[in-house]
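Subject: Handing over the structure

Hi there,

Here is the structure I said I would pass on, with my notes on it underneath. Have a look at it first, and then read on.

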Amino acid sequence: MFFPRREVVEELRKEYPVGTRVELVKMDDLQAPPIGTKGTVRGVDDTGSIMVDWDNGSGLNVVYGEDVVRKV
């Protein structure tokens, strides 16, 4: 598994602070919310994954380098 450098994680935390609204663009997971689902960022973990409370109740993280979200 690939882990980003500490500097990258800190930049992600600045770009996606707690409370930021995002929309799912791409997630390669069988349990992923539908593309276009919106959610609220609850933080960024030490692996660079964006932790999101999705509006549909899902809690899957956005994995750094794999999944894609955009700010709304």
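The side chain of Asp 67 has a polar atom 3.5 Å from the backbone nitrogen of Asp 28. That side chain also reaches a second backbone nitrogen, the one of Val 63, at 2.9 Å. Please keep in mind that this is a predicted model, and that every distance here is computed from it.

Asp 67 itself sits in the loop between strand 3 and strand 4. Is this residue buried or exposed? Asp 67 is buried, because its relative accessible area is 13% and the cut-off for buried is under 20%. Once its neighbours within four places in sequence are set aside, Asp 67 is in contact with Lys 26, Met 27, Asp 28, Asn 61 and Val 62. There is also a long step in sequence here: Asp 67 and Leu 24 are 43 residues apart along the chain, while their C-alpha atoms are 8.4 Å apart in space.

Next along the chain is Val 68, which belongs to strand 4. With a relative accessible area of 35%, Val 68 is partly exposed. Its contacts, again without neighbours up to four places away, are Glu 23, Leu 24, Val 25, Lys 26 and Val 62. For Val 68 and Glu 23, the C-alpha to C-alpha distance is 8.8 Å, with their positions 45 residues apart in sequence.

Glu 23 turns up again among the salt bridges, so let me go on to those. The count comes to 7 salt bridges. One of them joins Arg 70 to Glu 23, and the closest N and O atoms of that pair are 2.5 Å apart. What does this pair tie together? Arg 70 lies in strand 4 (residues 68–71) and Glu 23 in strand 1, so the salt bridge links parts that are 47 residues apart in sequence. The two partners also differ in how they are classed: Arg 70 is partly exposed at 43% relative accessibility, whereas Glu 23 is buried at 14%.

Another salt bridge stays within one element. Arg 13 and Glu 10 meet through their side chains at 3.0 Å, N to O. Both lie in helix 1, 3 residues apart, which is about one turn of the helix. Arg 13 counts as partly exposed at 29% relative accessibility, and Glu 10 counts as partly exposed at 37%. Salt bridges with shared partners join Glu 10, Arg 13 and Asp 46 into one network.

A further salt bridge is the one between the side chains of Glu 7 and Arg 5, at 3.5 Å from N to O. Here both partners are exposed.

Now for the inside. The largest nonpolar core has 13 residues, and the members that touch the most others are Tyr 16, Val 22, Ile 50, Trp 54, Val 62 and Val 69. Helix 1 (6–15), strand 1 (21–26), strand 2 (38–44) and strand 3 (50–54) are the elements that each give two or more residues to this core. Which of them has the largest share? That is strand 3, with 3 residues.

Tyr 16 deserves a few words of its own. Leaving out neighbours within four places in sequence, Tyr 16 is in contact with Val 22, Val 41, Val 44, Ile 50, Val 69 and Lys 71. Of these, Lys 71 lies over the face of Tyr 16, at 5.6 Å from the ring centre. As for pairs of aromatic rings, the structure holds 0 of them.

One last residue, Thr 37, is found in the loop between strand 1 and strand 2. Thr 37 counts as buried, at 12% relative accessibility. A polar atom of its side chain is 2.6 Å from the backbone oxygen of Pro 34. Apart from residues up to four places away in sequence, Thr 37 touches Val 22, Glu 23, Leu 24, Trp 54, Asp 55 and Asn 56. Two of these names come from the core described above, since Val 22 and Trp 54 are among the members that touch the most others.

Happy to talk any of this through whenever it suits you.

Best wishes

Technical notes
Residues numbered from 1 in each chain as written. Predicted model: local features only at pLDDT ≥ 70, side-chain atom pairs only at ≥ 80, totals over all residues. Heavy atoms only, no water. Core = buried A, V, L, I, M, F, W, Y, C linked by side-chain atoms within 4.5 Å. Buried < 20%, exposed > 50% of the residue type's maximum accessible area, 1.4 Å probe, protein only. Helix = DSSP H or I, 4+ residues; strand = E, 2+ residues; numbered from the N terminus. Contact = heavy atoms within 4.5 Å. Polar contact = N/O pair within 3.5 Å; in protein donor to acceptor, adjacent residues only side chain to side chain. Salt bridge = Lys/Arg side-chain N within 4 Å of Asp/Glu carboxyl O. Phe/Tyr/Trp six-rings, centres within 6.5 Å; stacked < 30°, edge-to-face > 60°. Lys NZ or Arg CZ within 6 Å of the ring centre and 35° of its normal.
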